[in-house]
Amino acid sequence: MSRSDDTPRLPVADGRTARRAGWQLLKDDPRAVCGMLLLTSLAALAGAAGPWLLGRIITRFEAGDLSVSQVDVLAAAVLAFAAAQLVLTRYARGLSHRFGERALARLREEVVDRALALPGRVADEVGTGDLVTRSTLDVATVSATLRNAAPDIFIACVQVVFIFAAVFLLDPLLGLCSMVGLPLVWVVSRWYLARSRDAYLAEGAAAGGVAEILNSTAHGARTVEAYGLRTQQNNALDQAINKTYGASTRTLSLRTVLFPVTEFAHTLPMALVLLVGGLRYLDGAIPLGTVVAGSLYMWQLVDPLNQMLIWVEQLQRSGASFARIKGVGLVSHTPDAPVPPPADDLIEVQGVRYSYLPDHEVLKDVELQVRPGERLAVVGRSGAGKSTLGKLMSGVDTPDTGSILVGGVPVADLAAAGELGNRIVLITQQHHVFMGTLRDNMMMAAPEADDEAILAALALMEADWVADLPQGLDTMLGSGGVELKAAQAQQLTLARVHLADPHTLILDEATSLLDPTTARQAERAVAAVRSDRTVIAIAHRLQTAHDADRVAVMESGRIVELGTHDELVGAGGAYAALWRSWNGEN
Ligand SMILES: Nc1ncnc2c1ncn2[C@@H]1O[C@H](COP(=O)(O)OP(=O)(O)OP(=O)(O)O)[C@@H](O)[C@H]1O
């Protein structure tokens, strides 16, 4: 039940891909980036003016060519520049935050799109834990960076550049002194960054492992109880928690080196500027005002460098999260080019092979054409591959080889582009009710549908219960709201399909789990939604095959017979045998 270390995981984007994706976030919003750069530069310039003016006051005062009123004017200018820096930084930060929010919104949409475009087989293989961790914890980590760290780091970088430039302009030797800490910061950061990516990835993966075990235990709680697997699950959880502890300790030990060394690297230039500046002043090489201005710049440098130090860890952590988020896209099925509209409603299955597991082919060279408006029944023994064929025809996954086309366009491409829902819909026994109002649940199939159309679709499915809902179409459904019974959920699903108005329905035993009365009601609902559409019915009851235009018989992943009911009964093959045995049973 619990997943082991061998459980396949979603891939992680390599450093180059992640850097390119990060760069793309900037390129996607060029106006905001230019605005941020301009405002931050102006703010840094205003910030650099203060120490320079104070230095001038001291130098000229020392030289005796400054009156008290001139001191007042210069002091007022210092204040004015400080105020300007405050205002400009505030606007720069506002702009950066808005940039961060927009980038985050794009990233969130991308995660959802990519997760939804994951091939069904991959989603089955990797389980929910890894995917959930990437779309929740990892997105939260990246969002903290985009909201707070990125603006602060950006502003700090610009400030640091301006401060160094200002010290060099004051006195090149003091400028050199101001930079002595940089090699130390460079070395320790390289040391840290070389180790921390893997360490944070391991920490993220370990957290995913814990989430996976908790998820599978919660979902399979009854099985755990029934088979007495409690100890086994506890042990697996203990192991996963120990792994998380080990991974967190590793990242902590990296931080205990980074922080003290960089702290020292900040203090060193301040001391050197004071020492060398003082000596040069005593030698008469530079005025006192230059030493004061230089040390004030060093004092100004502490804050942005500290900001960068504080955020470098967050940056690294979110770099790992960003790579994990981008990794989801590496296995998602996304079409390379814009998807053209299908020429018509003809469905063609050409040489399709498919396996869930290596060396176990479930579909073997399946060929099939379904004409618009045709009713095709797919029959065969359990495990023959009927449902798998239905899933592939509805774009849930892509074939390993061969293609499934509608009007000449691969259905998986249409599904990935979100353009399959109003063409081909798969109806299974699982009817999902989304958390939200009844109207939300209906409008996701047809965003432009009005209340009248929604109520008409529900009425067509005999969903009388809608009239009893406390807030009508505004009633909240799902957990925390009104919980629908299986039959009601099915009516809702079918009404949604009716609104989406696809040309093809793939019915996979849509009514078999219901009790006889609700099954009859459900059959009427299915009949209402089938009218005038192409219907591919994956049928257990051969009456469905009898009433269909054509019947495809599947055996061990192949279509072994294809024809009308009468033709196949006459041929005396596999279908005739199934028909005889079904008739005998009934
Ligand atoms: N998610 C999965 N992972 C691995 N194997 C699977 C998965 N789903 C189906 N299979 C296997 O693929 C084969 C075909 O299954 P499929 O459900 O398509 O057959 P079917 O004809 O629809 O059977 P039934 O009528 O019992 O639903 C079976 O051997 C089944 O065990």
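A residue is buried if 20 or more other C-beta atoms lie within 10 Å of its own, exposed if 12 or fewer, and partly exposed in between; C-beta atoms are placed from the backbone. By that rule, buried residues make up 36% of the 586 residues in this protein. This is a predicted model: local features need pLDDT of at least 70, side-chain atom pairs count only at pLDDT 80 or more, and totals for chains, interfaces and linings use all residues. Residues are numbered from 1 along each chain as its sequence is written.

**Overall make-up**

The protein has 18 helices and 12 strands. Helices (H or I, at least four residues) and strands (E, at least two) are DSSP runs, numbered from the N terminus. Two residues are in contact if their C-beta atoms, placed from the backbone, lie within 7 Å. Among contacts between residues at least 6 apart in sequence, 80% join residues at least 24 apart.

**Two sheets**

Two strands pair if DSSP finds at least two bridges between them. One open sheet has four strands in the order β2-β1-β4-β5, with antiparallel pairing. Its edge strands are β2 and β5, each pairing on one side only. Another open sheet has six strands in the order β6-β9-β10-β3-β11-β12, and its pairing is mixed. There β6 and β12 stand at the edges with a single partner strand each, so one side of each is left without a neighbour in the sheet. The twist in this six-stranded sheet averages 15° from one strand to the next.

Here are two strand pairs, one from each sheet.

| Strand pair | Bridges | Direction |
|---|---|---|
| β1 (residues 347–357) and β2 | seven | antiparallel |
| β9 (residues 504–508) and β10 (residues 534–538) | five | parallel |

In the β1 pair, Ile347 stands opposite Val370 in β2. In β10, Val535 is the bridge partner of Leu505.

**Helix α10**

Axes are lines fitted to C-alpha atoms, for helices over the stretch in contact, and angles run from 0 to 180 degrees between N-to-C directions. Helix α10 (residues 386–393) packs on the four-stranded sheet, touching β1, β2 and β4, and its direction makes about 120° with that of β1. α10 also packs on the six-stranded sheet, touching β3, β6, β9, β10 and β11. Its direction makes about 150° with that of β10.

**Around the ligand**

A residue is near a molecule if its C-beta atom, placed from the backbone, lies within 6 Å of it. Of the 12 residues around the ligand, Tyr356, Ser382, Lys386, Ser387 and Thr388 come nearest. β1 and α10 are the elements that give two or more residues to this shell. α10 gives the most, with three residues.
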